[in-house]
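Thanks for coming, everyone. I have one structure today, and I'll go from the helix at its end to the sheets and the cores. Let's put it up.

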Amino acid sequence: MSGLRRGVHLVDRDRVSVRSSELGRWVDEAKTSSREAFVARHRCFFLLAYMSKKADAVGFKTELAASSEESQGTLLVLPLVKREDSPYTDRVSIGRAPNCDVVVRHPSISKLHTHLRTLEDGTVVIVDVSGRNPTLVDGRRIDASAPPVLRSGMEIRLGDVSATLLDARDTHAALSRLPGRR
C-alpha cells in the first residue's frame, strides 16, 4: 500500500491475529464491503496501531515514553470521530481518559493527548496538548503555531504508541489484506 511509513506493518500475517472481536469486525467489514461502500460509511481518518502488552497496566499518572518500544501486540483500528455526547463541537479529542472521543489506553498517553480540528477550508490539523510526551507527526514535534495538516499515510506517535493515519480508502485496503473471513 502506498504511503505507509516505517514502524507499523499492517499486513504482516505472522503478527496479526484476528481474535479480537473489534478487530475482527473491522476486517470482516472490509472484506465483505466494496471500497466505495466502506468509504461512504466511514468518512473519517483512522489510526491503525499495534498496542503492546504494556497497555494492560494503565494507571492514573502518565509514564514517560521510552526511546523505543517495539510495535508488537494487538492491532487497533481507531476511527477518528466524535462521540455523540462530546462537549467539544470543534475538535476530536484523543487520550487515555474515558471521556475523550478516541480512547487509547496506554500508560505513556496523556489523559488528553491531542486534538484534531477541522479548519474553515475543510482541512484537518492535529494539535498537541499532552504534558509529558509530545505528539510526533512523521518523526517531528508539532509546532503549536503551525499544526500539520493531516494526510493519509502519516506516522503519528502518541507517547510510546506509533500509528499510521489512514483515510477510509487506505484503511479498507489495509484491512482487506489481513487474515479473516472470506
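Start with helix H3. Ala168, Asp170, Thr171, His172, Ala173, Ala174 and Leu175 are buried there. That is seven of the nine residues in H3, so the helix is mostly covered, where buried means under 20% relative accessible area. Keep in mind throughout that this is a predicted model.

What does H3 pack on? Helix H3, residues 168-176, sits on a sheet and touches E1, E2 and strand E10, which spans 161-167. The direction of H3 makes about 115 degrees with that of E10.

Now that sheet. It is open, with six strands in the order E2-E1-E10-E9-E7-E8. The pairing is antiparallel. Which strands sit at the edges? They are strand E2, 74-79, and strand E8, 140-141, and each pairs on one side only. Look at the E2 end. Strand E1, residues 45-51, is joined to E2 by six bridges, and the two run antiparallel. Within that pair, leucine 47 stands opposite leucine 78 of E2. Hold on to leucine 47, please.

Let me step back to the whole chain. The secondary structure comes to three helices and ten strands. Along the sequence, the pattern reads α-α-β-β-β-β-β-β-β-β-β-β-α. The chain has 182 residues, and buried residues make up 46% of them. Take the contacts with a separation of 6 or more: 57% of those come from residues 24 or more positions apart.

On to the other sheet. Four strands form this one, in the order E4-E3-E5-E6. It is open too, but the pairing here is mixed. The edges are strand E4, 102-103, and strand E6, 124-128, each pairing on one side only.

Go inside it. Strand E3, residues 91-95, and strand E5, residues 114-118, run antiparallel and share four bridges. Valine 92 stands opposite leucine 116 in E5. Serine 93 has histidine 115 of E5 as its bridge partner. As a reminder, side chains in a regular strand alternate between the two faces of the sheet.

Next, E5 and E6. Five bridges join them, again antiparallel. Threonine 118 stands opposite valine 124 in E6. The hairpin of E5 and E6 has five residues between the strands. In that hairpin, glycine 122 takes a positive phi near 95 degrees.

One residue in this sheet deserves a pause: arginine 91, in strand E3. Is arginine 91 buried or exposed? It counts as buried, because its relative accessibility is 17% and the cut-off is under 20%. What does the side chain of arginine 91 pair with? It makes a polar contact with the side chain of aspartate 90, at 3.0 Å. Leaving out residues up to four places away in sequence, arginine 91 touches Lys82, Asp101, His115, Leu116 and Arg117.

Now the cores. In soluble globular proteins, nonpolar side chains tend to be buried together. The largest nonpolar core here has 23 residues. Which members touch the most others? Leu47, Leu80, Leu116, Leu150, Ile156 and Leu165 do. So leucine 47 is back, as one of these. E1, E3, E6, strand E9 at 155-158, and E10 each supply at least two residues of this core. E1 gives the most, with four residues.

Leucine 116 is worth a closer look. Setting aside its neighbours within four places in sequence, it is in contact with Leu80, Asp90, Arg91, Val92, Ile94, Val124, Val125, Ile126 and Leu150. Leu80 and Leu150 on that list are also among the best-connected core members I just named. There is also a second, separate core of 16 residues. Its members include Phe38, Phe46, Leu166 and Leu175. Leu175 takes us back to H3, where it is one of the buried residues.

Last item: cysteines. How many disulfides does the structure hold? Zero. Cysteine 44 counts as buried, because its relative accessibility is 14%. Cysteine 100 counts as buried as well, at 4%.

That's my tour. Over to you.

Technical notes
Residues are numbered from 1 along each chain as its sequence is written. This is a predicted model: local features need pLDDT of at least 70, side-chain atom pairs count only at pLDDT 80 or more; totals for chains, interfaces and linings use all residues. Side-chain values use heavy atoms; hydrogens and water are left out. Two strands pair if DSSP finds at least two bridges between them. Contact means heavy atoms within 4.5 Å. Axes are lines fitted to C-alpha atoms, for helices over the stretch in contact, and angles run from 0 to 180 degrees between N-to-C directions. Buried means under 20% relative accessible area, exposed over 50%, partly exposed in between (1.4 Å probe, protein chains only). A polar contact is a pair of N or O atoms within 3.5 Å; within protein, one must be able to donate a hydrogen and the other to accept it, and residues adjacent in sequence count only if both atoms are side-chain atoms. A disulfide is a pair of cysteine sulfur atoms within 2.5 Å. A nonpolar core is a set of buried Ala, Val, Leu, Ile, Met, Phe, Trp, Tyr and Cys residues joined through side-chain atoms within 4.5 Å.
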